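Hi,

Here is the structure I said I would pass on. Have a look, and my notes follow underneath.

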Amino acid sequence: MNLLRGFATTLKYLFEDKVTVQYPEEERPVRERFKGRHALKRYDNGLEKCIGCALCAAACPADAIWVEAAENTDEERYSPGERYAKTYEINMMRCIFCGYCEDACPTEAIVLEHEYRLTFSDRRDSIYTKEMLIDPPPPGVPGTPQQTEPGRYTRSIPEMKDPL
Amino acid sequence: MTETVTFYIDGQAYQVAKGTNLVDAAKMHDIDIPVFCYHPKLKPVGMCRMCLVELGSLSVNRETGEVERDEHGEPVFRWFPRLQTACTQVVTDGLAVRTTTEAVVQGRNSILEFLLTSHPLDCPVCDKGGECPLQNLTMGYGPGESRFLIDDKIRLDKHVPLGELIYLDRERCIQCARCTRFCDEIVGDDVLAFHERGRRLQIVTISDPPFDTKFSGNTTDICPVGALTTADFRFGARPWELQEEATICPHCPVGCNLSAGTRLDRDAGGKKIIKRIMPRQNEWVNEIWICDKGRFGHHHTRAEGRLEQPMLKQNGAWVPIDWPAAYDLVAAKLRQYGDSLGVLAGPSLSNEDLWELRKLAGLVASEPKLGVWPAAMTGGDLVAQVGVGSGTMLRAVGPETAILVIASDFEEEAPIWWLQVKQAADRGAAVVVANARPTKLDRYARAVVRYRYGEAVSVLNGFAAQALKDKSLTGKLSESRVAGLSQLRAALKGVKPAFGDAGRMLLSAENLIIFAGGEGLSVAQHRELMQAAANLLILTGRAGRANSGLVAVWPGANMQGAYDLGYSAEATQALLDTPPRMWIIGAANPVAEDARAARAITGAEFVVATSLFMTPTSEAADLVLPRQSFAEREGTFTNGMRRVQRFYTVQGIIGDSLPDWKIFAAIGERLNGPKARISAGAVMKDITAHVPAYAQASYPRLAQVERQFPLVGGDDLYYGGTAYFNLSGLGLAIPPVAEDGSAQLEVRPVTVDAPASTDADLSLIPVRVLYDRDVLFEPSRLMHHRVPPPSVELNQADAERLGIADGDRVAVEGDGYQITATARVDGRAPAGYALLPVRLSSTPAPTTPAACTVRKIGE
């Protein structure tokens, strides 16, 4: 009797939707608020949102972020303000994906996206540099550094809408 | 002692010295009255209104004169109806303050809200963010949220260069006037000012070149917001990421205490490097100020071209070798040439280096010749006799002290001493400047004495003769304590008291500090000058007392230490007269600086040099050993006032470089010398055991600190800007011999040699300038704008006679040297002399006065 009940369960699941996903050929979509690998964002004009303020590094409970800043010039501009991140590195082995960096960022430059495939076979590869983290510029827009006309970007932090 | 008064803060009674500023007085008792514009080193102005408090006084019954008391027996106070600024209030007896009432809280709250209406809040990119008084006070006393719209904020220039060193952000400025007041009151360089009024009020620079002062960096420290930032540090790191390490400035004899902000750096290969230099409070030395050379001149510690391994010259080419091979080679050469060894110690070698070098030389020669470089000044032994006494504090001297600055362009040679002497003059100290030419200190001097180059001694002899006439000054001297007194009296009989007014000023004050430079003097003449100064101090009984004594304005950071450890300029001169066959040159660059030294060194058979870079001296050497800069190692410097101060390891080590003491000790081991010590502290222990004057200067003693007033730095950033609390040692001032009342002193009559007349056109006088091309300074590229091109200053008459106009290219020639330079005819040079700033040209020139001819050369 018990045997038959077991077969019945099997039979029932045979006709239901499959739960198993054939990773890595197939990937299950993640939730909207899933916190995966970080991405450094750009504005529509291709300039980087990151201003190198290192507040993400200060907020990081795992001390995973390393930022070194430098100054923009009109000849070589990375971000709209005065300051940009010359070095931006995240040690993915340390990162706990808590999202504090995202919360701390004053320009919404760093976002934890949905990428979760972070494997490496060398400890040194766990350090993700700025080049690996930054989003490509929008299609048809130049990347950074850009040459900009003097006087256009004079604010130390780009103008942002009043959050209220 | 000063009278103390009782005052009340929030009902609690406190005692404090009469005349103390209320903000300071509260601070001494750990009560915070928040301020922006007030600074304990500056006069109060009451501009920011942040320090609003309720003021009152004890209620006194007018009939009985007694303090009125309530039913609990507590004193009753009468309060002013409105809030008052605490910073403009001096504490008086019975003063009462309320700092926590609703009205006060409201007042501060409103002031902060108002300040923030026009503040940009770009804290994430601001260099001050994290150590910003405005941030801190807003968190502590601010309203929490603003009623003003962000869009309505005032928009001003964000990036205004005030000169090439300091940037101004007009939006961030809260108009506290600390920077303008610093320039006016402390420095006397009137180069910053307010322009316009009200909301348009802004800081402008009114000098050309802009912000032309040697102390500009200090304004960024005391700025309570990020309005003034340095070009050097700009965006270098966030303040909380910096690790602060204590160190001592290696550039001049003042020995300013520094705090180096360090951080690991990707570009430096992950090493810890200096990101910025800030002053570290030491009220005995530099207070909370440093000059721009100290602040921005730190790039040599990691500049490109630092030597990373020992280099041996083989058939004219440099070959890297390893340390043991280098040690063996030097040891072998020392065995070979030990009887003819010359030692030159540079000005930035630490006491430990000098000690090990002396020990090494002593292993091969019974009486080693230990020379210093630059060999322009001498008399360190006299400073040890009659130097300033214990408890000397320049910042505290006033009308009871006279200060004589002789043969020195003080601001160029020792900027922070200049600053302190200038302020002493403001407080009423009688400052007398004696020099053959005008210098900037003349402005603040009570009297200026001019003499002809080479005759500086006659000025001091004149003062001494004047002192002898005054029995109240010299009557108490005992023949038994002072050797040579009768000879001196006899010799001075014939000297006419000269410069009467200046002499009276100097002799009528209770204390006398003599700052003696070496401008226009040969080494022998400088010995006479120092002796004459010592004579004057001993004659007048001014030796061996606090705020009184002799200070040499050395051309380097640790030359007093070199003298204390047995080195001298006379030894250098003797070595140059009869060049030895082998040289050991520690951290000096004589080949580039002096033609005669260059000849003596290139002619030797084996030269070993320790160096940071491939300098002309290293090029001339046979073996170059990479030394560590002051930042990579521990050590001690003895400043011009004989304060031994300790510096700590700040930066990661470059290449295989080693500290000099370790190099010399390792070579000594191979010559059957004692085993090398394991640390600089152990070497210092050796010194304390063998050098009586340094007996107390052990590392733990040098690291001792005490609470210093005014309180600045630390957690109280808002109060004094961001100068750092001294947590790593105030150093130890070594008392002069004269301080011991029974010690034997010696005077010796000195005479003036009339300058030998030569058939040459002019006499060349080497003069020192602050911003030069020294090995330790040149790598700081930011400062290159301030380093003048090689120049020679001529008198108007001489220039006309030679057909030279200001700005012409000229050749300056003499016995064994030739330099091309730009002529300057600006009225500073006395007739018959050509002033040549040293260390500006890449070709060697004399370091002591010499004959020269100057001629115009084509374009």
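Which helix and which strand of chain B each supply at least two residues of the lining of the largest cavity? They are α10 (410–413) and β32 (762–767); helices (H or I, at least four residues) and strands (E, at least two) are DSSP runs, numbered from the N terminus.

Some housekeeping: this is a predicted model, where local features need pLDDT of at least 70 and side-chain atom pairs count only at pLDDT 80 or more, while totals for chains, interfaces and linings use all residues. Residues are numbered from 1 along each chain as its sequence is written, chains are lettered from A and ligands numbered from 1 in the order written, and side-chain values use heavy atoms, with hydrogens and water left out.

Back to the holes. A cavity here is a set of points, on a 1 Å grid over the protein atoms alone, where a 1.4 Å probe fits but cannot get out, and its lining residues have an atom within 4 Å of a point. Volumes are the space filled by probe spheres set on the points, which are joined across faces, edges and corners. There are twelve cavities of 30 Å³ or more, and the largest has a volume of about 620 Å³. Its lining has 44 residues, with Pro374(B), Pro555(B), Glu593(B), Asp772(B) and Arg839(B) nearest the centre. By class that lining has 24 nonpolar, ten polar and ten charged residues (Ala, Val, Leu, Ile, Met, Phe, Trp, Tyr, Cys and Pro are nonpolar; Asp, Glu, Lys and Arg charged; the others, Gly among them, polar).

The second largest cavity holds about 170 Å³. Of its 16 lining residues, Thr220(B), Thr230(B), Phe233(B), Arg276(B) and Met278(B) lie nearest the centre. Two or more residues come from each of α5 (217–222), β11 (228–230), β14 (271–279) and α6 (292–296) of chain B. Seven of the lining residues are charged, five nonpolar and four polar.

Now a few helices. In α16 of chain B (residues 523–539), the end C-alpha atoms are 24 Å apart, in agreement with the 24 Å expected for 17 residues (1.5 Å times one less than the number of residues). In α16(B), 15 of the 17 residues are buried, meaning under 20% relative accessible area with a 1.4 Å probe, protein chains only. Just after α16(B), Gly541(B) takes a positive phi of about 70 degrees.

Asp24(B) sits in helix α1 (residues 22–28) of chain B and is buried, at 14% relative accessible area.

Cheers

How values were computed
1 Å grid on protein atoms, 1.4 Å probe; cavity = no way out; pocket = protein on both sides within 12 Å on 5 of 7 lines; lining within 4 Å. Buried < 20%, exposed > 50% of the residue type's maximum accessible area, 1.4 Å probe, protein only.
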